[in-house]
Amino acid sequence: PHTAPPLPYNMPLAYVFSVGVSFLLTCALLVYSMSRSFGESYRVGSSAGDLAIKVFCAWDFKVIQRRSVKLQCENICTQLKELLAEQRCHSRSRTLCQRLGHCTVLALAWALSLSTALGCALAVHYFSEHMHTVSAVGSAAPVLGCRSVPSCSPTAAPLLAPATGGGLGALSEGLPALLLLSRNLILKMVILGLLCYQWLSRRVVCSTEECWETCVGQELYRFVVMDFIFTLLDTLFGELVWRLILEKRLKRKRRPEFDIARNVLELIYGQTLTWLGILFTPLLPAVQMVKLLLLFYVKKTSLMQNCQSPSKPWQASHMSTVFITLLCFPSFLGAAIFLSYTIWSVRPSETCGPFRGMETIYKSGKTWVQVLEKSNPNITWFAWVHQHVVENTFLLFFVSGLLLAVIYFTVQVVKGQRRIMRLLREQIANEGADKAFLIQKLHSVYEQR
């Protein structure tokens, strides 16, 4: 008889381990990027002196090539526009009626945006139940039509949202860019959260004969494909056709603006789908990379040919910090919670998949440790380590607390640096006032003599 190997290979454990390691590395990179971006963005308390620095000290005299000189001129011009728009926004004074009107428009925009998100979520819920009912009957054509509705909703709904919340937000010139981001993000996350709940409950995913992991993977593939199709349609009709209408029919020189916020949110949405499906569809990251590669060149061509720069000021350092924060907390944290609950609590399918026959996916590690202990009794200490360290939930809470502590201390360090810089700036201002006072006294003494 063949003897058991000293270290038997366990395919389910290797599968879970690869997913866990990828998520840990991603988490570390996200925390590092967020802390670094936060430090670079908010290290200086205000931009009071940035305008003078840009005017007198921004030019690099080492640049001599014509193309580089043109790019540097455009870069400095964009930065000056951002700083002037920020100072104009801060120095603008409003009456009481204007403030009340601004708050009314803002509240109405938020109410319509939240109602749109709730309506889309209810529509997806009822369409999913209808899809489950039709699939139980056995008709194939209506099932495909019904299944395309949830896949289209997270991508199509934000395109229709500017007609409601975004249109009212345009009436208010001082509307912060962060609020415009939050409305579309809430809409996408509410729909994805509802679909994740339905996938975990397995009530409206597929029939009882099919593997529910396969159905979830097919849904996520469908989401990525529909996101790619709607992005191409938005680029074609929202930018190319609209530019032709403005130039050919309306005889205007202006072009449609390139919406930075919506395009970045599409990237966050695509990355969220990849994180959600990495356990069910191992090839989904490769599909997402191909999709991003194609969209990059399509968006680049459309940006150069059909669009103009946005009128709303976008400060790159601040907005990159906001985007990385949104990518970390709502997106990555939600996907991690979804997959953690799936691994720890959801029962796998009985007929397919590497985890069939197990109570939960997490039990694959315990089964491998038991086989390892039987095959090699000399490493019983490994079973003890697995039981008291890996299976103990205290380790998970300890790592989570350590991660939050690192983020907290990084934020506090940056706040301390901002406070010190503000005190130094006040000290420089006081020294300047003292020097001006001494110069005035010297002039008065000289005049008396």
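**Exercise 1. Find the contacts of Pro310 beyond its sequence neighbours, then place the residue in the predicted model.**

Solution.
Step 1. Once neighbours within four places in sequence are set aside, Pro310 is in contact with Glu257, Phe258 and Ile260.
Step 2. For one of these, Ile260, the C-alpha atom is 8.0 Å from that of Pro310, while the two residues stand 50 apart in sequence.
Step 3. Pro310 sits in the loop between α10 (284-306) and α11.
Step 4. Its relative accessibility is 26%, so Pro310 counts as partly exposed. The class runs from 20% to 50%.

**Exercise 2. Describe the chain as a whole: which elements does it have, and how much of it is buried?**

Solution.
Step 1. The chain holds 14 helices and zero strands.
Step 2. Its pattern along the sequence is therefore written with α alone: α-α-α-α-α-α-α-α-α-α-α-α-α-α.
Step 3. Of its 449 residues, 34% count as buried.
Step 4. Take the contacts between residues at least 6 apart in sequence: 77% of these join residues at least 24 apart.

**Exercise 3. Is Glu266 buried or exposed, and what does it touch?**

Solution.
Step 1. Glu266 belongs to helix α9 (residues 260-277).
Step 2. The relative accessibility of Glu266 is 13%, and because buried means under 20%, Glu266 counts as buried.
Step 3. Not counting residues up to four places away in sequence, Glu266 touches Asp227, Thr231, Asp234 and Lys299.

**Exercise 4. Treat Gln288 in the manner of the previous exercise: where is it, and which residues does it touch?**

Solution.
Step 1. Helix α10 contains Gln288.
Step 2. With a relative accessible area of 4%, Gln288 is buried.
Step 3. Leaving out residues up to four places away in sequence, Gln288 touches Val224, Gly270, Gln271 and Thr274.
Step 4. Gln288 and Leu273 are 15 residues apart in sequence, and their C-alpha atoms are 9.0 Å apart.

**Exercise 5. Compare the reach of helix α8 with the expected span, and say what follows the helix.**

Solution.
Step 1. Helix α8 covers residues 212-249, which is 38 residues.
Step 2. At 1.5 Å a residue, the expected span is 56 Å.
Step 3. From first C-alpha to last, α8 reaches 52 Å, close to the expected value.
Step 4. Just after α8 comes Lys251, with a positive phi of about 60°.

**Exercise 6. Set the UniProt transmembrane regions against the model for residues 273-298 and 319-344.**

Solution.
Step 1. The unreviewed UniProt entry lists "transmembrane region" for residues 12-33, 100-127, 220-245, 273-298, 319-344 and 394-414.
Step 2. In the model, residues 273-298 are 77% helix and 0% strand, with 21 Å between the end C-alpha atoms.
Step 3. Residues 319-344 are 100% helix and 0% strand, and their end C-alpha atoms lie 36 Å apart.

**Exercise 7. Characterise the second largest pocket: how much space does it hold, and which residues lie nearest its centre?**

Solution.
Step 1. The space in the second largest pocket is about 1,800 Å³.
Step 2. Its lining has 47 residues, of which Gly20, Leu24, Ser340, Trp344 and Leu396 lie nearest the centre.
Step 3. The elements giving two or more residues to this lining are α1 (11-42), α11 (316-345), α12 (363-375), α13 (380-390) and α14 (393-448).
Step 4. Sorted by class, the lining has 37 nonpolar, eight polar and two charged residues.

Note on methods. Residues are numbered from 1 along each chain as its sequence is written. This is a predicted model: local features need pLDDT of at least 70, side-chain atom pairs count only at pLDDT 80 or more; totals for chains, interfaces and linings use all residues. Side-chain values use heavy atoms; hydrogens and water are left out. On a 1 Å grid over the protein atoms alone, a cavity is a set of points where a 1.4 Å probe fits but cannot get out, and a pocket is an open set with protein on both sides within 12 Å along at least five of seven lines; lining residues have an atom within 4 Å of a point. Grid points are joined across faces, edges and corners, and a volume is the space filled by probe spheres set on the points. Helices (H or I, at least four residues) and strands (E, at least two) are DSSP runs, numbered from the N terminus. Ala, Val, Leu, Ile, Met, Phe, Trp, Tyr, Cys and Pro count as nonpolar, Asp, Glu, Lys and Arg as charged, and the others, Gly among them, as polar. Buried means under 20% relative accessible area, exposed over 50%, partly exposed in between (1.4 Å probe, protein chains only). Contact means heavy atoms within 4.5 Å. UniProt positions are given in the numbering used here, feature names are shortened, and annotations may be inferred rather than shown by experiment. The expected span of a helix is 1.5 Å times one less than its number of residues.
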